[in-house]
Amino acid sequence: MMSSIVRKVISTKKCPKALAPYNQAIVADRTVYCSGVLGMELDTLKLVPGGAAAQTAKALEHLTNLLSEAGSGIDKVVKTTVLLGDMNDYATVNEEYKKVFNSSFPARTCYGGVKLPLGAAVEIEAIALTGSVVHISE
């Protein structure tokens with residue numbers, strides 16, 4: 001007989017509510033799957049002013065809050081996907097990204113020239129672990 005795996009829906013008021021039929025995050029066993037996060041203001045659900053840099057900083061703030069709600073954290077992220085409306089924002093987004101992911105970078109994929117919801121400059125999704133994690137670097 002196979003043992004059960006827990007699937008838990010994560011929702012927090014510290015992140016923008018879902019604008020379509022999806023959850024903010026799902027924890028499956030000890031893995032957190034975060035939906036794409038935009039750099040939106042919580043109260044208005046509009047993009048923060050200031051372009052790619054400001055939107056990236058806000059999206060990463062939301063992602064940090066979402067991971068915390070899921071019992072994880074930025075230090076436990078194993079993979080991110082970064083979607084850019086314009087690949088010319090790559091360096092700007094990387095500067096903000098390095099402020100949050102500053103010790104052990106996760107694996108990452110980045111796509112550019114993508115039409116994002118609300119005309120956003122950037123959207124970031126993540127996969128992370130929960131519980132005790134031992135970090136080993138080569």
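This is a short chat about the helices, charge pairs, cysteines and a few single residues of a predicted model.

Q: Before we start, what kind of model is this, and how are residues numbered?
A: The model is predicted, so local features need pLDDT of at least 70 and side-chain atom pairs count only at pLDDT 80 or more, while totals for chains, interfaces and linings use all residues. Numbering runs from 1 along each chain as its sequence is written, and side-chain values use heavy atoms, with hydrogens and water left out.

Q: OK, helix α2. Which of its residues are buried?
A: Helix α2 spans residues 90-100, and its buried residues are Val93, Asn94, Glu96 and Tyr97. Buried means under 20% relative accessible area, exposed means over 50%, and partly exposed is in between, with a 1.4 Å probe and protein chains only. Helices (H or I, at least four residues) and strands (E, at least two) are DSSP runs, numbered from the N terminus.

Q: Why are those on the same side of α2?
A: Because they cover an arc of only 165° around the axis. That arc is taken from the directions from the helix axis to the C-beta atoms.

Q: And what's on the other side of α2?
A: Ala91 and Lys99 are there, and they are exposed.

Q: What covers the buried residues of α2?
A: The cover includes helix α1 (51-69) and the strands β4 (77-84), β5 (107-111) and β6 (122-129). Contact here means heavy atoms within 4.5 Å.

Q: Switching to charges: how many salt bridges does the structure hold?
A: Three. The cut-off is a side-chain nitrogen of Lys or Arg within 4 Å of a carboxyl oxygen of Asp or Glu.

Q: Which residue does Glu96 form a salt bridge with?
A: Lys99, with the closest N and O atoms 3.1 Å apart. Glu96 and Lys99 are three residues apart in helix α2, so they are separated by about one helical turn. Glu96 counts as buried at 15% relative accessibility, whereas Lys99 counts as exposed at 56%.

Q: Why would that spacing suit a pair in general?
A: An α-helix has 3.6 residues a turn, so residues three or four places apart point the same way.

Q: What about Glu95 and Lys98?
A: Their side chains also meet in a salt bridge, at 3.1 Å from N to O. Glu95 and Lys98 are three residues apart in helix α2, about one helical turn. Glu95 is partly exposed at 45% relative accessible area, and Lys98 is partly exposed at 42%.

Q: And where do Lys58 and Glu61 lie?
A: Both are in helix α1, three residues apart, which is about one turn of the helix. Their side chains meet in a salt bridge at 3.4 Å, N to O. Glu61 is partly exposed, with a relative accessible area of 39%.

Q: Back to Tyr97 for a second. What lies over its face?
A: Arg108 does, at 4.7 Å from the ring centre. A charge sits over a ring if NZ of Lys or CZ of Arg is within 6 Å of the ring centre and within 35 degrees of the ring normal.

Q: Cysteines next. How many disulfides does the structure hold?
A: Zero. A disulfide would need a pair of cysteine sulfur atoms within 2.5 Å.

Q: Why is Cys15 too far for a bond?
A: Because its sulfur is 8.3 Å from the closest cysteine sulfur, the one in Cys34. Cys15 counts as buried at 7% relative accessibility, and Cys34 counts as buried at 6%.

Q: Any backbone oddities? Which phi does Leu45 have?
A: Leu45 has a positive phi of about 60° although it is not a glycine. Leu45 sits in the loop between β3 (31-38) and α1, and counts as partly exposed at 23% relative accessibility.

Q: And where is Leu118?
A: In the loop between β5 and β6. Phi of Leu118 is near 65°, again positive in a residue other than glycine.

Q: Last one: is Ala128 buried or exposed?
A: Buried, at 0% relative accessibility. Ala128 lies in strand β6. Leaving out residues up to four places away in sequence, Ala128 touches Arg30, Thr31, Val32, Leu67, Ser72, Lys76, Val77 and Val78.
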